[in-house]
Amino acid sequence: MTMRTSGRAEHEATAGHAESAITNSLEQVRDILFGTQFRELARRLSHTDAQVVAQAEELRSEARRRLDALEAHVRGEIEALSASIEAQRAAADGALGSVARESREALELIAQRVQRLEELVARTQRELRQQLLDQSKSFLDETRRTRSELSAMLERELAAVWGDGADASAPDAPAREAAAASERYQKTERRSDEAA
């Protein structure tokens with residue numbers, strides 16, 4: 001059994017040497033057949049890799065440059081927009097201030113006009129009351145004067161009737177009627193004075 005194992009190990013070692021020799025031979029054949037092309041291909045791949053790296057770096061720097069330009073443009077637009085918004089806000093504030101000032105002035109003018117109107121109404125009411133009072137006094141004076149004239153006329157008439165009645169057949173009847181009429185008139189006059 002030991003012999004069988006050592007024979008197998010030898011056989012495997014021999015097979016390993018043979019396989020290694022075949023592999024070396026194949027690599028030599030491959031190097032002879034394709035070595036130049038393989039080296040050329042490796043050189044081209046290396047050159048292509050270098051170009052790709054260079055182009056990638058160039059693209060990176062171009063992208064960075066464009067991004068910086070875009071950022072500067074956006075920053076400028078934002079600043080211009082902010083300035084425009086600030087100017088519009090200032091204009092709106094100015095317009096609102098102007099409108100508020102005009103409103104205050106208009107309210108003051110309205111208040112002054114209302115005050116003048118109230119004063120005019122009060123003065124007109126005073127004048128109207130005074131005119132009514134003057135007219136009432138004038139009317140009362142006129143009424144008293146008319147009453148006095150009527151009273152005097154009535155007394156004259158009564159005196160004339162009394163004078164004529166002395167000659168009449170019933171001398172007491174006209175005198176009594178005249179006295180009653182005079183008394184009624186005096187009561188009416190007193191009531192009018194009390195009402196006034």
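Arg65 and Glu62 are three residues apart in helix α1, so about one helical turn separates them. In this predicted model, the two residues form a salt bridge, and their closest N and O atoms are 2.3 Å apart. Neither partner is buried: Arg65 is partly exposed, with a relative accessibility of 48%, and Glu62 is likewise partly exposed, with a relative accessible area of 27%. Buried would require a value under 20%.

Glu62 has a second partner. Arg66 also forms a salt bridge with Glu62, here with the closest N and O atoms 2.9 Å apart. The spacing along the chain is four residues in this case, and both residues again belong to helix α1, about one turn of the helix from each other. Arg66 has a relative accessibility of 55% and counts as exposed, because the limit for that class is over 50%.

Further along the helix comes another pair. Arg75 forms a salt bridge with Glu71, with 2.8 Å between the closest N and O atoms. These two residues of helix α1 are four residues apart, so they too are separated by about one helical turn. Both ends of the pair are partly exposed: Arg75 has a relative accessibility of 44%, and Glu71 has one of 41%. Elsewhere, Glu40, Arg43 and Arg44 are joined into one network by salt bridges that share partners. In total, the structure holds 10 salt bridges. As a general point, side chains of opposite charge can pair when their charged atoms come close.

The surface also has a nonpolar part. Leu67, Leu70, Val74 and Ile78 make a nonpolar surface patch of about 370 Å². Of these residues, Ile78 lies in helix α1, which covers residues 2–165. Each member of the patch has over 30% relative accessible area, because that is a condition for being counted in a patch.

What does the secondary structure of the whole chain come to? The protein chain has two helices and zero strands. Helix α1, running over residues 2–165, is one of the two.

How much of the chain is buried? Of its 196 residues, 4% count as buried, which means that 4% have under 20% relative accessible area. The accessible surface of the protein chain comes to about 17100 Å². Carbon and sulfur atoms account for 58% of that surface.

How values were computed:
Residues numbered from 1 in each chain as written. Predicted model: local features only at pLDDT ≥ 70, side-chain atom pairs only at ≥ 80, totals over all residues. Heavy atoms only, no water. Patch = residues over 30% accessible without salt bridge, like charges linked within 9 Å, V, L, I, M, F, W, Y side chains within 5 Å. Areas by Shrake-Rupley, 256 points an atom, 1.4 Å probe, with all protein chains shown as cover. Salt bridge = Lys/Arg side-chain N within 4 Å of Asp/Glu carboxyl O. Buried < 20%, exposed > 50% of the residue type's maximum accessible area, 1.4 Å probe, protein only.
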